[in-house]
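User: I'd like to walk through a structure with you and learn how to read its features. Can we take them one at a time?

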Amino acid sequence: MNLSFFYHFGRYLMFLRSMLYRPEKMNVFFQRLFDEMTKIGIGSLPIVAITSLFIGAVTTVQTAYQLVSGLISKTVIGTIVSDSTMLELGPTITCLVLSGKVGAHISSEIGNMRISEQIDALEVMGINAPGYLAMPKILAGIIMIPILNIIAITLSIYGGYMAGELSGILTHEQFIVGAQSTFKGFTLFFSMIKAFTFAFIITSVSSYQGYFTKGGALEVGESSTKAVVYSSVLILFFDYLLAELLL
Amino acid sequence: MIELININKSFEDKQVLFDINAQFFSGKNNLIIGASGGGKSVMMKCMVGLERPESGHIEFDTRDMLSLDEQQLREVRREIGMLFQGTALFDSLTIEQNIEFPLRMFSKMTVAERRDRVNFCLQRVNLENINKKFPSEISGGMKKRVGIARAIALDIKYLFCDEPNSGLDPITSRLIDALIDEITKEYGITNIINSHDMKTVFDIGDHILFMFKGAVRWEGSREDLSHAQKEIKELDEFIKASYFH
């Protein structure tokens, strides 16, 4: 860890603080917020759905493969699929995928605006550029990514159930009994806390990387790469931290 | 009027502006000329608030930009229009939305009033029927004109033009020069133009400031330029190096 970490961390905090001014026009702000919610939420739905369905299916098949003992009830497969999906696979894998899709998009969009002087144009007009550009993206992420997490969990469990049913690994009843047997509301609550945290990381880190892009097209690409890498590493770090603190 | 008093600016250890003192007058085309790396763009960025000098004062009609609070600064900035070198039109917005943008953000106009104002600004820069196009669908010269239309959408007092002719053919360059000149005189705007183009200087320059290595080397009118050229070697070299003598 060198001094540049502290430089970037300090600048990141100042960037976040600079967004907290009241928006120039609330109706413009809400319109931008809804646009971003559509982009992040609806735009990410296909990739989240595909990823979740297959992760659930693979979890069922691989858990069945590891349960070689006939003494263990097959309902355990349903338990493992639902719990691991809610605790880890839903929020973490979904957000790692979204760091690639949403994070890279945010960073390249803002980065491109920076190098083509569009951010300078906003500032010359007297508009708070971080508040105008990044704030709606961060809020939209915080609202939509937890919703995507719920969808991911649902589809992942459904994928697991379908894989079990279609391949004859376990019956419909065995899966449902297993999934319901150890369900705790806190597990879902914990999953949502993770989704909120990861959503903030993805959107704020990507906005920061894009906003401070310097140079040309090559640097926009570099900023997007950094946004994805740093978001992913921070997601994994906070995944561990939240598990240590809350479980 | 805009006045710069003892402006100094450095980037890390390298000083790029040295004790700049200058005045830019209302209703006139104030041109800043000089070789690349001479400090013209940094000086313009200091004036519009994109860079902050280490010392000195930048007064917009007696309001010192460097001592205003954030809110006061924003109010002054709303009186500023800027034509960027690369036009800086918002890619994701149509031409109409680009020009409407400052009106939506800062005026209390109704939708119909905003539409009328957009059409007026487009007509003022001799453009029509491109309202629904995106910036990527129009030519470089048209983008510059849209940039001017966006800059004048609000009732501005100060117009900054950074290399308004860069990347344009000579005929379009003259059209842009003429348009900037007309708008400056018509609205009594304090207009500051960064340019390398000596044709612009001789066509529309009312007050000219020659910068060399981060300092103001000469300041005067277009009529005085040929006399100054004989006395100042750097200015003579700069003018002779251009295509227009």
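User: Let's start with a helix. How many residues does helix α5 of chain B have, and what does it reach from its first C-alpha to its last?

Analyst: Keep in mind that this is a predicted model. The general idea first: an α-helix has 3.6 residues a turn, so residues three or four places apart point the same way. Here, α5 of chain B covers residues 140-151, which is twelve residues. From first C-alpha to last, α5(B) reaches 16 Å, close to the 16 Å expected at 1.5 Å a residue.

User: Why would you call α5(B) largely enclosed by the rest of the structure?

Analyst: Count C-beta neighbours: a residue with 20 or more within 10 Å is buried. Nine of the twelve residues in α5(B) are buried, so the helix is largely enclosed. Among them are Lys143(B), Lys144(B), Arg145(B) and Arg150(B), along with Val146(B), Ile148(B) and Ala149(B).

User: Which elements do the buried residues of α5(B) pack against?

Analyst: They pack against two strands of chain B, β6 (80-83) and β7 (158-162), and against the helices α3 (95-106), α4 (111-124) and α6 (170-187) of that chain.

User: What about the nonpolar core: how many residues are in the largest one, and which have the most contacts inside it?

Analyst: In soluble globular proteins, nonpolar side chains tend to be buried together. In this model the largest nonpolar core has 110 residues, and Met82(B), Ala149(B) and Phe160(B) have the most contacts inside it. The largest share of this core, 15 residues, comes from helix α5 of chain A, residues 129-167.

User: Which residues is Met82(B) in contact with, leaving aside neighbours within four places in sequence?

Analyst: On the chain A side, Met82(B) is in contact with Ala121(A) and Val124(A). Within chain B, the contacts of Met82(B) are Val48(B), Ala151(B) and Phe160(B).

User: That brings us to the interface. How many residues does the contact take from each chain?

Analyst: The size of an interface is often given as the accessible area lost when the parts come together. Here we can go by residues: 13 come from chain A and 14 from chain B. On the chain A side, helix α4 (residues 118-124) gives the largest share, five residues. By class, that side of chain A has five nonpolar, three polar and five charged residues.

User: Now a loop residue. Is Ser26(B) buried or partly exposed?

Analyst: Ser26(B) has 16 C-beta neighbours inside 10 Å, so it counts as partly exposed. Ser26(B) sits in the loop between β2 (14-24) and β3 (29-33) of chain B. Leaving aside neighbours within four places in sequence, Ser26(B) is in contact with Met1(B), Gly188(B) and Thr190(B). Its C-alpha is also 8.2 Å from that of Ile2(B), 24 residues apart along the chain.

User: Zooming out, how many helices and strands does each chain have?

Analyst: Chain A has eight helices and zero strands, while chain B has nine helices and ten strands.

User: And what do the overall dimensions and burial look like?

Analyst: The C-alpha trace of chain A spans about 70 × 45 × 30 Å along its principal axes, and 44% of its 247 residues count as buried. For chain B the box is roughly 55 × 45 × 30 Å, with 40% of its 245 residues buried. A compact globule of 245 residues would have a radius of gyration near 18 Å, and chain B agrees because it has 18 Å.

Definitions and conventions:
Residues numbered from 1 in each chain as written. Chains lettered and ligands numbered in written order. Predicted model: local features only at pLDDT ≥ 70, side-chain atom pairs only at ≥ 80, totals over all residues. Helix = DSSP H or I, 4+ residues; strand = E, 2+ residues; numbered from the N terminus. Expected span 1.5 Å × (residues − 1). Contact = placed C-beta atoms within 7 Å. Nonpolar A, V, L, I, M, F, W, Y, C, P; charged D, E, K, R; others polar. Core = buried A, V, L, I, M, F, W, Y, C linked by C-beta atoms within 7 Å. Rg over C-alpha atoms; globule rule 2.2 N^0.38 Å.
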